[in-house]
Amino acid sequence: MAHSSYSAKGRNPAVDPKTMFKILTYAYSQNIYSSRKIETACRRDINFMWLLAGHKAPDHSTIARFHTDFLADACEDLFYQMVRRLGQADELSKETVFIDGTKLEACASKYTFVWKKSVGKWEEKMFRKIQEAVQLLNHKYIQDFSVGGETRAQELQKICRFLEGRCQTEGTVFVHGRGRRKSRNQRYLELFRRFLERQTVYDWHTASFQGRNNYCKTDPGATFMHMKDDHMRNAQLKPGYNVQLAANSEYIVAAVIFQDRNDVWTLVPFLKTMEEKLGFCYPSITADSGYESEEGYSFLREYRQKPYIKPQTYEKWKKHSFKKDISKRENMGYDEKTDTYTCHAWKSLSPLFIKKQKSKSGYESEVTVYECEYCTDCPYKEKCTRAKGNKRLCISKSFLEKRQESYENILSETGIKYRMNRSIQVEGAFGVLKNDYGFQRFLLRRKTKVKLEILLLCMGYNINKLHAKIQNGRTESHLFPVKETA
């Protein structure tokens, strides 16, 4: 694919695309990301000179052009070719895959955010003014214009064309400056041109959100999100991307860039991308509690993949304060035959009705609502519920059943080994990329180019990992054993 980007006409490139790809991949494996620093390395570093094989060292503009223009379309295919090659060399196992994500700062200004709620508020304010202006326009010019719905810009354009025609036929003279009175045609035309200009900006903002609550002006693909560490050390919002990695046998086998601030909505599309690119499904998935959802469990069950996902309340369950909290469902008795819960005051919570809930991605789940028979004058009400009436519980039975299955999986001997390896392999990979490689911030803008950067970084990581395994005699090793406690 990289070859197809080069035209067969004209002069030949100074360095062929295969060599350029080798240079870039090796540069990322050596923590060199700037095109100017790569140029310097090609002139001074013996390893880069060997990769050039006698060719003249490319300048920084040639490297940058190849990096951003030619390699962007081919890099993803080249990365998964590397992963398949590792599989053919028995370096990968198809037993399980470890998934985790991190947020990396985008190459964008920190204070150029656009908020969806704010845009909607100002657009609604302007729409009310437009309605008033249209009514006056129709009254003055005896017309029947209307502006509303999703065609506001088109309707405003029609009004502007009508007013421009009236100005032309009536020979309206446009005046400007103090002491000069504008004609009616000029006033209305300028007013509706301002409306049209602002509406065009609002439409642009709405299209740029792409289902998000905000976006960045200098990099519309970036979303403002909380980072674990920032330049002011106060966890403020910064533009960034959600990087999702999958590790297997200590290698990175999949990498996808998301714009979601939450990991829970990335699991299903990430698994679909892995299946598409790798050509198979892993029999089990190991992830942390940030990926737990009924939709994710249902997807894994449909594709017969065993979940090793830690429940979101796993750590809370261990605390003594949680076990003493009488408001929690886990601390209530449950009778499966009558489908009722028993509260701390020995009163029954019976099913009241079933409601449908639709998630952000469109997944629909059934939630059973339970209500206590009588909470008035209950001595435990203050500790049990804040409701004015009777206590209610909203429970998805399907989710609880799938969560219990995953909970039992992670407590098994295999689950303990997988969880330990997840913290070593995929979290360790992020630690190496962000700290050892010093990659804390993207250098390019837009989602396509950001994905290119992370894929090159992952290829460099895999090359270094393979080299380290060969040097340490650890090839074809897949999982670290669990240390036995004395």
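## An exposed loop residue, I142

I142 sits in the loop that links α6 to α7 (helices here are DSSP runs of H or I with at least four residues, strands are E runs with at least two, both numbered from the N terminus). Its backbone is a little unusual to look at: I142 has a positive phi of about 55°, yet I142 is not a glycine. The I142 side of the loop is also open to solvent by the numbers, since I142 is exposed with a relative accessible area of 73% (buried is under 20%, exposed is over 50%, and partly exposed lies in between, with a 1.4 Å probe and protein chains only).

A quick word on the source. This is a predicted model, where local features need pLDDT of at least 70 and side-chain atom pairs count only at pLDDT 80 or more, while totals for chains, interfaces and linings use all residues. Residues are numbered from 1 along each chain as its sequence is written, and side-chain values use heavy atoms, with hydrogens and water left out.

## The chain as a whole

The protein chain carries 16 helices and 13 strands. Its C-alpha trace spans about 95 × 90 × 40 Å along the principal axes. The radius of gyration comes out at 30 Å, whereas a compact globule of 486 residues would sit near 23 Å (taken over C-alpha atoms, with the globule rule being 2.2 Å times the number of residues to the power 0.38).

Of the 486 residues in the protein chain, 45% are buried. Take the contacts between residues at least 6 apart in sequence, and 65% of them join residues at least 24 apart (a contact means heavy atoms within 4.5 Å).

## α8 and its two partners

Helix α8 runs over residues 184-209, and helix α7 over residues 152-169. The two pack at an angle of about 155°, with axes 9 Å apart (axes are lines fitted to C-alpha atoms, for helices over the stretch in contact, and angles between N-to-C directions run from 0 to 180 degrees). So α7 and α8 are roughly antiparallel (that label needs over 145 degrees; under 35 is roughly parallel, 65 to 115 roughly perpendicular, and the rest oblique). On the α7 side, the contact includes L156, I159, C160 and L163, and on the α8 side the list includes Y188, L189, F192 and L196. Charged residues join in too, among them R152 and E164 from α7 and R184 and D203 from α8. By class, the α7–α8 contact has 11 nonpolar, three polar and six charged residues (Ala, Val, Leu, Ile, Met, Phe, Trp, Tyr, Cys and Pro count as nonpolar, Asp, Glu, Lys and Arg as charged, the others, Gly among them, as polar).

Helix α6 (residues 116-141) packs on α8 as well: their axes come within 10 Å and cross at roughly 150°. That makes α6 roughly antiparallel to α8. The residues where α6 meets α8 split into 15 nonpolar, four polar and seven charged.

Between α7 and α8 there's a loop, and E170 is found in it. At 45% relative accessibility, E170 is partly exposed. Its C-alpha atom is separated from that of N185 by 9.1 Å, with the two residues 15 apart along the chain. N185 turns up again in the α8 half of the contact with α7.

## A second positive phi, at W346

W346 has a positive phi of about 60°, and W346 is not a glycine either. Look for W346 in the loop between β10 (340-342) and β11 (348-358). W346 counts as exposed, at 74% relative accessibility.

## Pairs from far along the chain

How exposed or buried is A246? A246 is buried, at 0% relative accessibility. A246 belongs to strand β5, residues 237-248. The C-alpha atoms of A246 and F98 are separated by 5.4 Å, although these residues are 148 apart along the chain. Leaving aside neighbours within four places in sequence, A246 touches V97, F98 and I99, along with Y251, I252, V253, A254, F270 and M274.

E401 gives another such pair. E401 lies in helix α14, residues 397-411, and is partly exposed with a relative accessible area of 42%. From E401 to E294, 107 residues apart along the chain, the C-alpha separation is 9.8 Å.
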